[in-house]
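Mind if I quiz you on this one? Show me the sequence and the model, and I'll fire off questions.

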Amino acid sequence: MLSGAPVSANVSPEDLLQRFQAATARQRRALLGPVQQRVAELRPLLADHLAGLDATGDDWAAGALIQLLLETPSAEAQAFLDLHPQGWLATSSAKGIDYAPLQLQLARMAFEEADRLTSAILRELAGAAAVTRGYVYYSEVPAMPAPDLEALDRLWVCYSRGRFGFSVQGRLLQACQGRWEQLWPRLGWKQDGRWTRYPGSFAWSIDAPEGHMPLVNQLRGVRLMDALLNQPALQQRINR
């Protein structure tokens with residue numbers, strides 16, 4: 001249960017924002033409804049609120065508020081985009097990759113396009129040969145730079161209410177005791193023994209199964225996914 005008085009229309013917009021920010025993950029999910037219902041009142045406050053938050057982490061409360069801010073065209077939304085042309089979440093790259101396009105698609109909840117951008121970035125991280133062939137070999141994963149894999153995972157976690165990302169998939173695999181065949185249905189990647197058809201049968205929405213995105217091609221087996229989830233930078237995030 002939420003601590004303190006029940007959230008109602010009598011709570012000030014400022015207080016509602018603070019409650020949402022300070023709540024546990026479970027409490028935040030319960031507060032999403034009231035926050036969404038009062039977004040018109042909250043929108044003028046969001047830029048200042050976000051300015052006081054840590055942009056170097058992956059707190060999904062910030063991502064959810066940004067998505068609410070951008071879901072409807074407004075002067076506040078445009079001002080926010082102008083203030084953060086590279087995206088609100090701070091990212092770094094050892095390869096000089098621009099993460100602004102990916103962050104914008106995630107902030108706008110355009111998950112299918114965000115997934116395509118993520119696949120392209122993974123190929124770029126793997127090297128010119130992977131870009132040319134159009135896919136990544138599992139043997140190319142260990143050399144991928146930590147800042148970039150961390151950036152990818154943080155972006156997905158931040159803009160998915162903590163539901164998507166490689167670290168989420170890794171923790172789900174742990175919950176399945178490392179059994180891949182149990183993981184695939186849980187991610188929504190396999191149903192009734194058949195691989196889910198890409199792209200039409202995937203759920204490109206915040207309501208998709210936990211860990212549903214980003215996608216990794218499993219038709220060649222589990223080696224690529226295994227290499228990603230065991231990459232030291234991602235292992236550190238999975239086990240934190």
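**Loops, helices and a pocket**

Colleague: Between which helices is the loop that holds Arg161?

Modeller: A heads-up: this is a predicted model, where local features need pLDDT of at least 70 and side-chain atom pairs count only at pLDDT 80 or more, while totals for chains, interfaces and linings use all residues. Residues are numbered from 1 along each chain as its sequence is written, and side-chain values use heavy atoms, with hydrogens and water left out. Helices (H or I, at least four residues) and strands (E, at least two) are DSSP runs, numbered from the N terminus. On that scheme, Arg161 lies in the loop between α9 and α10 (166-175).

Colleague: Is Arg161 buried or exposed?

Modeller: Its backbone is a bit odd, since phi is positive, about 60°, although Arg161 is not a glycine. For the cut-offs, buried means under 20% relative accessible area, exposed over 50%, and partly exposed in between, with a 1.4 Å probe and protein chains only. The relative accessible area of Arg161 is 15%, so this residue is buried.

Colleague: And Asp192, is that one buried or exposed?

Modeller: Asp192 also has a positive phi, near 55°, without being a glycine. You'll find Asp192 in the loop between β1 (190-191) and β2. Its relative accessibility is 82%, so Asp192 counts as exposed.

Colleague: What omega does the peptide bond from Met213 to Pro214 have?

Modeller: Pro214 is in the loop between β2 and α12, and Pro199 is in the loop between β2 (194-195) and α12 (223-229). The bond from Tyr198 to Pro199 is cis, with omega near -5°. The bond from Met213 to Pro214 is cis, with omega near -5°.

Colleague: His212 is in the loop between β2 and α12; what is its relative accessibility?

Modeller: Contact here means heavy atoms within 4.5 Å. Not counting residues up to four places away in sequence, His212 touches Phe164, Gln169, Leu187, Gly188, Trp189, Phe202 and Ala203. His212 counts as buried because its relative accessibility is 2%.

Colleague: How far is Pro145 from Lys95 in space?

Modeller: Pro145 sits in the loop between α8 (128-133) and α9 (146-158), and at 14% relative accessibility it counts as buried. Leaving aside neighbours within four places in sequence, Pro145 is in contact with Ala94, Lys95 and Leu125. Pro145 and Lys95 are 50 residues apart in sequence, while from C-alpha to C-alpha the distance in space is 7.9 Å.

Colleague: How many of the 13 residues of α9 are buried?

Modeller: First, its length: the expected span of a helix is 1.5 Å times one less than its number of residues. For the 13 residues of α9 that gives 18 Å, and the end C-alpha atoms are 18 Å apart, so the two agree. The buried residues pack against α4, α6 (100-107), α7 (111-126), α10, α12 and α13 (232-238). α9 is mostly covered, and its count of buried residues is ten.

Colleague: On which residue is the kink in α3 centred?

Modeller: The buried residues of α3 are Val39, Leu42, Arg43, Leu46, His49 and Leu50, and what covers them includes α1 (13-22), α2 (25-37), α4 and α5. The bend at a residue is the angle between axes fitted to the seven residues ending there and the seven starting there. By that reckoning α3 has a kink of about 50°, centred on Leu45.

Colleague: Which element gives the largest share of the lining of the second largest pocket?

Modeller: A pocket is an open set of points on a 1 Å grid over the protein atoms alone, where a 1.4 Å probe fits, with protein on both sides within 12 Å along at least five of seven lines; lining residues have an atom within 4 Å of a point. Among those lining the second largest pocket are Gln67, Leu70, Ala77 and Met109. The elements that give two or more residues to this lining are α4 (60-70) and α5 (75-83). The largest share is three residues, and it comes from α5.

Colleague: What relative accessible area does Gln67 have?

Modeller: Gln67 is in helix α4. Leaving aside neighbours within four places in sequence, Gln67 is in contact with Leu106, Ala107, Met109, Phe111 and Tyr159. Gln67 is buried, and its relative accessible area is 4%.
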